[in-house]
Amino acid sequence: MIDGHTFDSRREADRYCQLRLLERAGEIHGLELQKEFELIPAQYETFERYGKRGQRLKDGRRCVEKPVVYKADFCYTDNKGRYIVEDVKGCTRGAAYQVFVIKRKLMRDRYEIEVREVRK
């Protein structure tokens, strides 16, 4: 835990410390942690509703698919005005990494943002 933020790994906490130093030095600004980006919106369906006496009520809506969201480890703007999104990675194998790869591609497609992978 650093500055009141709990990090998923020591590697992520170390990167946060590096970014805070860069922010204090004026190299970056607007540092954000755990910012969420909606990649695919929630999907809803409409259904008919009736009252207790059979009278027709206003149609209802229910969520049939939750949204797909990417949560970035860090977002900031560098001194050249570029918006940077970073994700700290320790392992590049397994199902979790494959999900990340898909979300990284969706970020590029939907927001035209290239997610930087940070490894040590």
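Leu-39 lies in strand β1, which covers residues 28-40, where helices (H or I, at least four residues) and strands (E, at least two) are DSSP runs numbered from the N terminus. The model is a predicted one, in which local features need pLDDT of at least 70 and side-chain atom pairs count only at pLDDT 80 or more, while totals for chains, interfaces and linings use all residues. Residues are numbered from 1 along each chain as its sequence is written, and side-chain values use heavy atoms, with hydrogens and water left out.

With a relative accessible area of 4%, Leu-39 is buried; the term buried stands for under 20% relative accessible area, exposed for over 50%, and partly exposed for values in between, with a 1.4 Å probe and protein chains only. Leaving aside neighbours within four places in sequence, Leu-39 is in contact with Val-68, Val-69, Tyr-70, Lys-103, Leu-106, Met-107, Arg-110 and Tyr-111, a contact being heavy atoms within 4.5 Å. One of these partners, Leu-106, is 67 residues away along the chain, and its C-alpha atom is separated from that of Leu-39 by 6.4 Å.

Pro-41 lies in the loop between β1 and β2, the latter being residues 43-50. Pro-41 is partly exposed, at a relative accessible area of 41%, and its contacts, apart from neighbours within four places in sequence, are with Pro-67 and Arg-110. Between the C-alpha atoms of Pro-41 and Val-68 there are 6.6 Å in space, although the two are 27 residues apart in sequence.

For the protein as a whole, the secondary structure comes to two helices and six strands, and from the N terminus on the elements run α-β-β-β-β-β-α-β. The C-alpha trace spans about 70 × 30 × 30 Å along its principal axes. The radius of gyration is 20 Å, whereas a compact globule of 120 residues would have one near 14 Å; the radius is taken over C-alpha atoms, and the globule rule is 2.2 Å times the number of residues to the power 0.38. Of the 120 residues, 28% count as buried, and among contacts between residues at least 6 apart in sequence, 56% join residues at least 24 apart. The protein exposes about 8,600 Å², of which carbon and sulfur atoms supply 47%, with areas from the Shrake-Rupley method and a 1.4 Å probe; for residues, only the protein chains shown count as cover.

Turning to charge, the protein has 27 positive and 21 negative side chains, and the centres of the two sets lie 4 Å apart. In this count Lys and Arg are positive and Asp and Glu negative, while His and the chain ends are not counted, and the place of a charge is NZ of Lys, CZ of Arg, CG of Asp or CD of Glu. Side chains of opposite charge can pair when their charged atoms come close. The structure holds 13 salt bridges, each being a side-chain nitrogen of Lys or Arg within 4 Å of a carboxyl oxygen of Asp or Glu. The table gives some of them.

| Salt bridge | Closest N to O distance |
|---|---|
| Arg-20 and Asp-3 | 3.8 Å |
| Asp-78 and Arg-82 | 2.7 Å |
| Asp-87 and Lys-89 | 3.0 Å |

The salt bridge of Arg-20 with Asp-3 joins helix α1 to the segment before α1, so the pair ties together parts that are 17 residues apart in sequence. Arg-20 is partly exposed, with a relative accessible area of 23%, and Asp-3, Arg-20 and Glu-23 are linked in a network of salt bridges. In the pair of Asp-78 and Arg-82, Asp-78 is buried at 8% relative accessible area, whereas Arg-82 is partly exposed at 44%. Asp-87 and Lys-89 are both buried.

Glu-12, in helix α1 (residues 10-24), is buried yet has no salt bridge, the nearest side chain of opposite charge being Lys-89 at 8.2 Å. Not counting residues up to four places away in sequence, Glu-12 touches Phe-7, Gln-34, Asp-73, Phe-74 and Val-88.

Two backbone angles complete the account. Most residues other than glycine have a negative phi. Asp-3, however, has a positive phi near 50°, and Glu-112 has a positive phi near 55°. Glu-112 lies in the loop between α2 (95-111) and β6 (115-118), and at 73% relative accessibility Glu-112 counts as exposed.
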